[in-house]
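Grab a pencil and try these exercises before peeking at the solutions. The sequence and the structure come first.

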Amino acid sequence: MKPPELPLTFLPGLGSVRWPEAAIDNYAAALDVAHRPDRSRVGVRWRWRIIPRPVLQSTHCLLCELDWPCPAAAWAQWRLSSYARQTLSDAV
Ligand SMILES: [Zn+2]
């Protein structure tokens with residue numbers, strides 16, 4: 001008898017795969033570690049060259065250099081949070 005086929009899941013950076021849930025969660029955890037925001041969010045602009053004025057700079061991903069949160073990090077955070085929710089609800 002043939003084992004049941006795993007569902008097709010789209011993973012950022014890999015495309016569509018048929019992986020077990022645990023492998024997808026491991027991939028999400030690896031993406032969450034790899035894709036990090038640039039922490040230098042506040043910069044200074046000078047008005048008339050004498051008055052400092054703080055400005056918020058746009059944050060980028062250090063790995064893929066897209067605006068933060070980049071699609072890979074957003075997906076990983078969504079995946080990990082939904083996994084955590086599911087684990088909590090299973091424990092109750
Ligand atoms: Zn990224």
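Below are five exercises, each with a worked solution.

Two house rules first. Residues are numbered from 1 along each chain as its sequence is written. This is a predicted model, so local features need pLDDT of at least 70 and side-chain atom pairs count only at pLDDT 80 or more, while totals for chains, interfaces and linings use all residues.

**Exercise 1. Work out which order the helices and strands follow along the sequence, and where confidence is lowest and highest.**

Solution. Step one: list the elements. The chain has two helices and four strands; these are DSSP runs numbered from the N terminus, with at least four residues of H or I for a helix and at least two of E for a strand. Step two: read along the sequence, and the pattern comes out as β-β-α-β-β-α.

Step three: check pLDDT, the predictor's confidence in each residue, from 0 to 100. The chain averages 85, and 84% of its residues reach 70 or more. Strand E3 (residues 42-47) has the lowest confidence, with a mean of 79, and E2 the highest, at 95.

**Exercise 2. Find the buried residues of H1 and say how they sit around the axis.**

Solution. Step one: set the cut-offs. A residue is buried if 20 or more other C-beta atoms lie within 10 Å of its own, exposed if 12 or fewer, and partly exposed in between, with C-beta atoms placed from the backbone. Step two: size up the helix. H1 is 14 residues long and spans 20 Å from first C-alpha to last, close to the 20 Å expected at 1.5 Å a residue (the expected span is 1.5 Å times one less than the number of residues).

Step three: pick out Tyr27, Ala28 and Leu31, the buried residues of H1. They sit on the same side of H1 because they cover an arc of only 100° around the axis, where the arc is that of the directions from the helix axis to the C-beta atoms. Step four: turn to the other side of H1, where Ala22, Asn26, Ala30 and Val33 are exposed.

At the start of this helix (residues 21-34) you'll find Glu21, which counts as exposed because it has 12 C-beta neighbours inside 10 Å. Pro20, in the loop between strand E2 (15-17) and H1, is exposed too, with 10 other C-beta atoms within 10 Å.

**Exercise 3. Which residues make up the largest nonpolar core, and which helix gives the most to it?**

Solution. Step one: know what you're after. A nonpolar core is a set of buried Ala, Val, Leu, Ile, Met, Phe, Trp, Tyr and Cys residues joined through C-beta atoms within 7 Å. Step two: collect the members. The largest core has eight residues: Tyr27, Ala28, Leu31, Cys70, Ala72, Ala73, Trp75 and Ala76. Step three: assign them. H1 and helix H2 (71-91) each supply at least two residues, and H2 gives the most, with four.

For scale, buried residues are 11% of the 92 residues in the chain.

**Exercise 4. Describe how E3 and E4 are arranged, and what is unusual about Trp48.**

Solution. Step one: pair the strands, which takes at least two DSSP bridges between them. E3 and E4 run antiparallel and are joined by six bridges, with Val42 standing opposite Leu56 in E4. Step two: look at cover. None of the six residues of E3 is buried.

Step three: inspect the turn. Three residues lie between the strands of this hairpin, and Trp48 has a positive phi of about 50° although it is not a glycine. With 5 C-beta neighbours inside 10 Å, Trp48 counts as exposed.

**Exercise 5. Follow the loop between E4 and H2: which peptide bond is cis, and what does Trp68 touch?**

Solution. Step one: scan the backbone. Glu65, in this loop, has a positive phi near 65° without being a glycine. The bond from Trp68 to Pro69 is cis, with omega near -5°.

Step two: find the contacts, meaning C-beta atoms, placed from the backbone, within 7 Å. Leaving out residues up to four places away in sequence, Trp68 touches Pro37, Thr59, His60 and Cys61. Trp68 counts as partly exposed, with 17 C-beta neighbours inside 10 Å.

Step three: do likewise for Cys70. Apart from neighbours within four places in sequence, Cys70 is in contact with His35, Cys61 and Cys64.

Terms used: Contact = placed C-beta atoms within 7 Å.
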